[in-house]
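Thanks for coming. I will go through the core of this model, then its cysteines, then one lysine.

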Amino acid sequence: MKNFSRLFKPYLDNSDLKAIKKVFDKNWIGLGEEVGFFENEFSNFIGSKYCCAVNSGTAALHLALSALNLKPKKKVLVNNLTFIASASVILMNDLIPVFVDCDQSTLQIDIKDLKKKIDKDVEAMIIVHYGGASDNLKEIIKLLKAKSIKIIEDCAHTQGGEYQNKKLGTIGDLGCFSFEEKKGMTTGDGGMIVTNKKFLYLDVNEKRWLGINKKHNNKSYIQKDHNAFHWFYIVSKLGYKYNMNNLSASLGRSQLKKLNKFNKKKEILINFYLKNLIKNNYINPLLNYETNKSSYWLFGIRVNPQIRDKLIIFLKKHNIATGVHFYPMTLQPLFKKYKSRCINSENIWKEIITLPLHYDLSRSDINFITDKINYFFDIHK
Ligand SMILES: *Cc1c(COP(=O)(O)O)cnc(C)c1O
C-alpha cells in the first residue's frame, strides 16, 4: 500500500527509536524526569511559563476546565464543528455545553452566533482552532475578555501555529494540545496543558496524578528525616490518573525536535494541493489556508453535498483515504438536551471531505490524488 492511502500518518525515524531506547535502558518508564524534560522543552518552544504533560488531549482539556473552578451547571461555550472530546469534557466537569455555530466561509467561530449565545451563566469558552486555523481570533478574544469569560484553547489541530506572532495555545488562560497518533506530532497517546498562570499550573499538576501532593508542609514530615517519609502524601483535591509517562515523553522530546520540519513540509503540500485544484470550479478549499508559520492538521475541500459521498467512494476505490471532520455536536444523541441553533455547521458538514496530509506525502502523491479528483468532476459535470 502506498503512503497516500493513509489520511494521517505519524513520522517516526531512528532518532525516535533511540530516544525511547534510552529510557527503556534506564528501566524507568513511568512518570519520571523525562516527563519534566519534555515539559521544559515544550515550554520553551511554545513560549509559556508552565507546561503539564498528561496522557491524552482529552485529559488535558478535562483538567484545564476543572482548574477554572466553575460552579456546577454554569455554561461553557464550544465550537459545534469539533471532535467529541472538546464537548465531552464540559459534561465531565458537571457544566453545560453551549454550542457555537461556525462561520460559513472560515469554519471558525461565527461571531454573530457567539454574541447571541453569551448570557450571564456563560463563564468559559473552549475555542477549537478548527483544522489548525485561527481566523477571527482577535475579535473572539476581545469579545470574551470584555465579558470576563475564561478562555481555553483547544490546540489539538495545531502544534506550533502562530497568530500575530504568538503561538496558538498561549493566547487564552490555558492551552491544550494532543499528541495522539494522528495529530501533528505524537507520543502514541498524550497531551499537554500550557499556561502562564502559576495557580492554574499547580492545580492541573496536582490533579493529573490523583491529587497526590508530596510537597506539603506536614509537621512530622518536616521535622523528621525526609527520606524516611518519602512515602507520605496529602490529597486535598479529587484527581485523576492522567500523568504522562517517561516512554511517551521521550518520544515527545524527539518529535518536538522535528516539529518545525513537519509544519514546513505540510505548508508545501497544502500549496501543491491548492495549485492543482485551483482551476476546479466545483471545489472550495476547506479553510482559508495561510501557509506562513502555520500548523494545519487538516487539508480538505468543500463540494456539493449531493456528490460528496460519491466522491468519497470514488477515491476509496483508488486507494485514497478521506475523512469527514466533523459530524456536528448538536446532531449527537449525547447532546440532545443541549441542542441550540447551529444552521451553518449542520449544513456544511455535508460538504466536507478531508484529504491525506502527512509528512511522508510527495508531490507525485498529491498529483495522483488531485488528478483523480479533477477526473471525477470531469465525468460528473
Ligand atoms: C484529537 C482531539 C482531541 C483529543 O485528543 P486525544 O489526545 O485524542 O484525547 C481534542 N480536541 C480535538 C479538537 C481533537 O481533534
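**Core, cysteines and a lysine**

The largest nonpolar core has 41 residues, and those with the most contacts inside it are Leu 107, Tyr 130, Phe 299, Ile 301, Leu 311 and Ile 373. A nonpolar core here is a set of buried Ala, Val, Leu, Ile, Met, Phe, Trp, Tyr and Cys residues joined through side-chain atoms within 4.5 Å. Buried means under 20% relative accessible area, exposed over 50%, partly exposed in between, with a 1.4 Å probe and protein chains only. Apart from this core lies another, of 40 residues, including Val 98, Ile 127, Met 244 and Leu 256.

The model is predicted: local features need pLDDT of at least 70, side-chain atom pairs count only at pLDDT 80 or more, and totals for chains, interfaces and linings use all residues. Residues are numbered from 1 along each chain as its sequence is written, and side-chain values use heavy atoms, without hydrogens or water.

Now the cysteines. How many disulfides are found in the whole structure? Zero, with a disulfide being a pair of cysteine sulfur atoms within 2.5 Å. For Cys 102, the closest cysteine sulfur is in Cys 342, 8.3 Å away, so too far for a bond. Cys 102 is buried at 3% relative accessibility, and Cys 342 is buried at 2%.

Last, Lys 74. Is Lys 74 buried or exposed? Buried, with a relative accessible area of 19%. Lys 74 touches Leu 95, Ile 96, Asp 121 and Glu 123, leaving out residues up to four places away in sequence; contact means heavy atoms within 4.5 Å.
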